[in-house]
Amino acid sequence: MDDNRVIIFDTTLRDGEQSPGISLNTAEKLEIAQQLARLGVDVIEAGFPIASPGDFEAVRAIAREVDGPVIAGLARAQSADIERAGDAVRDAARPRIHTFISTSDIHIEHQLQSTRADVLGQARAAVAHARSLVEDVEFSPMDATRADVEFTAEVLVAAIEEGATTINIPDTVGYAMPHEYAAFLERLYALVPGLRDVVLSVHCHDDLGLAVANSFSGVLAGARQVECAINGIGERAGNASLEEIVMLLRTREAALGLTCGVQTREIARTSRLVSRLTGYPVQPNKAIVGRNAFAHESGIHQDGVLKERSTYEIMDAATVGVDDASSIVLGKHSGRHALRAALEELGFTVDGQALNTAFKRFKEIADKKKQVSAMDLEALVTDELRTEMASYTLEWFDVEASSRRPPHATVEIRTPDGDLVRGDFTGDGPVDAIFRAINAATRREARLREFRIDSVTGGQDALGEASVVLEVAGQSAAGQGVSTDIIESAALAYVRALTNCERKVALAAEAAQPELTPTP
Ligand code: KIV
Ligand code: ZN
């Protein structure tokens, strides 16, 4: 392994998926994993297989179908977790088990209600068990940055003795400062002689906005794997943002002498896909992938860039693929072949029935819009991925809206059991009326927590993309929908959020039964 090569470990589908309200189905996770492979990440942490049968299935599908990156499954330092993770990743060309246990006294005393001696024993046993299943084992001492460094070092010595190939140091609660984090790693190098023979990894959370700075500081201290997520999503304030780490390495390569294998032109597309499928918008001024990241507003800046781009730009937007899709435009006369070719160029392989469905939706949209752009196609295809077998589906709706009387909506919904149910409601506005009509039809007490509509492109005939977060029986989940009619996109998003909530309610009921499986 080249000493200057930084391994990019993507945890969008594991830590990222733990963000509140995100609930991706297997098809959506597979699509993201395929795109991560095109992006050229080295490792995909595909999920936490013991968390639920759905998580297990998704990790197994990714292990079987996604070529290129190492596929990792997460496991607590417990036998059942490790077996499940091993089963889920077994079919990958390069499987990895990532096992973890906390080394901070705060976690040991209050959460694990255990002792340092037990933690040491469990870490040793977990790594040995994982190594009996796969060659590639990563070990993380959780909450390491708030732990006693000597004790953490003792645990790492045991993990390395048992065959861990990567040692990851998580700043689980985003508490460290860059100089402190680097000093912690340097101290570990001094205390754990074997640390130089394995890959040292960093995993930083963004609670103080320092996830990227801490990760970078770790790299300067010698770490050669960075754990990060697209758009920086993750538990609470999120993880280090993959695109920021990668573009830092690329833009400052001459100063740093470090490289990574990411195809940076795939960054913008990956960011859009993750944002769309998770329902987590990207803030406009977000570094690298925000819509303003390469926009110049002030006259002085515009003048400078027109004269010479480098006056105010340190990166070329083309290197992150911002405009890569702009040449694709289809119209209502475009045929199936043109659609398939455009989708392939966008990275979607769509054949058979999926192509027929995509073509039907494309024609419906092309009848209403003069030009169907790459952005529209991406929105349309990802919208199809959201359609699940056992779900509520919107059959039809009527909404009467007027400034002279209250809006009234009637809907017909197909339930996950296949029954058709109808409901109607007179609401405060047309969106409120249709949402409550869906509650009436399905007899569900869903509470609306968030609602947003964005337009996919500019222009009056733009597609509307709605995102809804609902709460049912204490469980919240998001759903998204796309249509040229914003009432329809809102209703589609609502029924999908309802489906996702019900799935979470069922999972929570299952988890409450014999044994609790908390997420890391
Ligand atoms: O933040 C954390 O500590 C984690 C571990 C499971 C690596 O996500
Ligand atoms: Zn984490």
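At 31% relative accessibility, Arg-124 counts as partly exposed. In this predicted model, Arg-124 forms a salt bridge with Glu-161. The closest N and O atoms of the pair are 3.0 Å apart. Arg-124 lies in helix α5 (residues 116-133) and Glu-161 in helix α6 (residues 149-161), so the bridge ties together parts that are 37 residues apart in sequence. Glu-161 has a relative accessibility of 54% and therefore counts as exposed. The structure holds 37 salt bridges.

Helix α5 also contains Gln-122. With a relative accessibility of 32%, Gln-122 counts as partly exposed. Gln-122 touches Ala-77 and Ile-101, when residues up to four places away in sequence are not counted. His-337 is 215 residues from Gln-122 in sequence. In space, the C-alpha atoms of Gln-122 and His-337 are 56 Å apart.

The loop between α4 (105-111) and α5 includes Gln-113. Most residues other than glycine have a negative phi. Gln-113 has a positive phi, near 45 degrees, and is not a glycine. At 66% relative accessibility, Gln-113 counts as exposed. Arg-236 is not a glycine either, and its phi is positive at about 50 degrees. Arg-236 is found in the loop between β8 (225-228) and α9. Its relative accessibility is 42%, so Arg-236 counts as partly exposed.

Helix α11 spans residues 267-278 and has 12 residues. From its first C-alpha to its last, α11 reaches 16 Å. This is close to the 16 Å expected at 1.5 Å a residue. The helix is mostly covered, with 12 of its 12 residues buried. Among the buried residues are Ile-267, Leu-273, Val-274 and Leu-277. Arg-269, Arg-272 and Arg-276 are also buried, as are Thr-270, Ser-271 and Ser-275. The buried residues of α11 pack against several helices, namely α1 (26-39), α9 (242-251), α13 and α15 (374-385). They also pack against strands β15 (464-472) and β16 (475-483). Gly-279 follows α11 and has a positive phi, near 75 degrees.

Arg-276 of α11 takes part in a salt bridge with Glu-378, at 3.8 Å from N to O. The pair links distant parts of the chain, with Arg-276 in helix α11 and Glu-378 in helix α15, 102 residues apart. Arg-276 and Glu-378 are both buried.

A further salt bridge joins the side chains of Arg-422 and Glu-412, at 2.9 Å from N to O. Arg-422 lies in strand β13 (residues 420-426) and Glu-412 in strand β12 (residues 408-414), so the pair ties together parts that are 10 residues apart in sequence. The two partners fall in separate accessibility classes. Arg-422 counts as exposed, at 56% relative accessibility. Glu-412 counts as buried, at 12%. Elsewhere, salt bridges that share partners join Arg-272, Arg-276, Glu-378 and Glu-465 into one network. Within this network, Arg-272 and Arg-276 belong to α11.

Thr-415 lies in the loop between β12 and β13. At 14% relative accessibility, Thr-415 counts as buried. Its contacts are Ser-391, Tyr-392 and Val-421, leaving aside neighbours within four places in sequence.

Two packed helices are described by the angle between their axes and the distance between the axes. Helix α13 (residues 336-345) and helix α14 (residues 352-368) pack at an angle of about 105 degrees. Their axes are 10 Å apart. The angle makes α13 roughly perpendicular to α14. On the α13 side, the contact involves Arg-336, Leu-339 and Arg-340. These residues meet Leu-355, Asn-356, Ala-358, Phe-359 and Phe-362 in α14. By class, the contact has five nonpolar, one polar and two charged residues.

Notes:
Residues are numbered from 1 along each chain as its sequence is written. Chains are lettered from A and ligands numbered from 1 in the order in which they are written. This is a predicted model: local features need pLDDT of at least 70, side-chain atom pairs count only at pLDDT 80 or more; totals for chains, interfaces and linings use all residues. Side-chain values use heavy atoms; hydrogens and water are left out. Axes are lines fitted to C-alpha atoms, for helices over the stretch in contact, and angles run from 0 to 180 degrees between N-to-C directions. Helices (H or I, at least four residues) and strands (E, at least two) are DSSP runs, numbered from the N terminus. Angles under 35 degrees count as roughly parallel, over 145 as roughly antiparallel, 65 to 115 as roughly perpendicular and the rest as oblique. Contact means heavy atoms within 4.5 Å. Ala, Val, Leu, Ile, Met, Phe, Trp, Tyr, Cys and Pro count as nonpolar, Asp, Glu, Lys and Arg as charged, and the others, Gly among them, as polar. The expected span of a helix is 1.5 Å times one less than its number of residues. Buried means under 20% relative accessible area, exposed over 50%, partly exposed in between (1.4 Å probe, protein chains only). A salt bridge is a side-chain nitrogen of Lys or Arg within 4 Å of a carboxyl oxygen of Asp or Glu.
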